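Work through the exercises below with the sequence and the model in view, and try each task before you read its solution.

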Amino acid sequence: MRRAFRISWTTSLLFVSLSVPVCLAQELTQRETLDSRVRRYLDGHRYAWRDMNISESDGKVLYDLVVENGYTKALEIGTSTGHSAIWIAWALSKTDGKLITIEIHERRYKQALENFQEAGLSGYIDARLADAHELVPELQGPFDFVFVDADKDWYARYLRMLLPRLEAGGCFTAHNVSGWRMRGIAEFFEELEAAGLETEIVRSSRSGISVSCKRP
Ligand SMILES: C[S@@+](CC[C@H](N)C(=O)[O-])C[C@H]1O[C@@H](n2cnc3c(N)ncnc32)[C@H](O)[C@@H]1O
């Protein structure tokens with residue numbers, strides 16, 4: 001009996017020690033497969049973005065911010081057909097996070113869903129067809145990464161709504177801030193300053209992305 005126990009115990013140990021590397025290898029292969037699928041998707045669609053989508057260089061800025069800071073709870077306002085969401089979700093596939101993204105326009109929302117599927121990133125994205133003014137107050141959060149790329153007049157309002165739900169160390173980013181004379185952008189910067197957030201503007205394209213982080 002004791003011998004049988006010893007054999008089965010040794011066998012389980014052998015099984016566990018063999019199966020751990022197998023699981024790790026499987027996970028690495030899955031990651032590589034996802035990476036090559038996303039890369040192939042982005043390369044194939046590089047010149048196909050027509051719905052006010054961000055540039056590839058801006059996408060890389062968002063990707064790096066998420067990966068380097070290990071963000072996992074992301075929110076985007078203004079999905080359009082999903083270019084920025086794909087970059088953010090790809091980064092979240094590395095941090096094991098999730099993105100909620102909101103779009104009000106039905107055709108763009110439906111196209112975004114197809115794009116997420118084709119890129120292999122649907123599992124990292126919770127896409128909502130809604131007016132962000134109505135939906136954002138209902139979202140519980142907290143968030144550690146927010147990207148706003150919708151109606152500029154409302155950037156300041158989105159900041160006011162979301163700041164209490166932004167985790168310490170998290171950052172609030174906004175697209176198209178280079179034209180500070182544009183309606184809404186000046187007010188947005190005043191609001192950032194009033195909130196005591198230090199803001200850096202990343203100019204990887206002509207649009208400019210503001211990055212404002214809450215102190216840890
Ligand atoms: C500049 S585009 C977003 C581009 C997208 N981030 C990308 O890079 O693929 C702005 C989008 O915000 C959407 N939008 C504007 N107001 C909105 C609102 N109140 N709620 C949700 N979406 C809104 C517009 O329909 C439009 O598709």
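**Exercise 1.** Find which residues come nearest to the ligand, and sort the shell around the ligand by class.

*Solution.* Start with the 21 residues around the ligand, where a residue counts as near if its C-beta atom, placed from the backbone, lies within 6 Å; of these, Gly78, Ser80, His83, Ser84 and Ala132 come nearest. This is a predicted model, in which local features need pLDDT of at least 70 and side-chain atom pairs count only at pLDDT 80 or more, while totals for chains, interfaces and linings use all residues. Residues are numbered from 1 along each chain as its sequence is written. Next, sort by class, with Asp, Glu, Lys and Arg as charged, Ala, Val, Leu, Ile, Met, Phe, Trp, Tyr, Cys and Pro as nonpolar, and the others, Gly among them, as polar: the shell holds six nonpolar, ten polar and five charged residues. Finally, at least two shell residues each are supplied by helix H3 (83-95), strand S2 (98-103) and helix H5 (132-135), where helices (H or I, at least four residues) and strands (E, at least two) are DSSP runs numbered from the N terminus.

**Exercise 2.** Locate Asp96 and decide whether Asp96 is buried or exposed.

*Solution.* First, look in the loop between H3 and S2, where Asp96 is found. Then count neighbours: Asp96 is classed as exposed because 9 C-beta atoms lie inside 10 Å, the cut-offs within that distance being 20 or more other C-beta atoms for buried, 12 or fewer for exposed, and partly exposed in between, with C-beta atoms placed from the backbone. Lastly, Asp96 lies 24 residues from Thr72 in sequence, and their C-alpha atoms are 6.4 Å apart in space.
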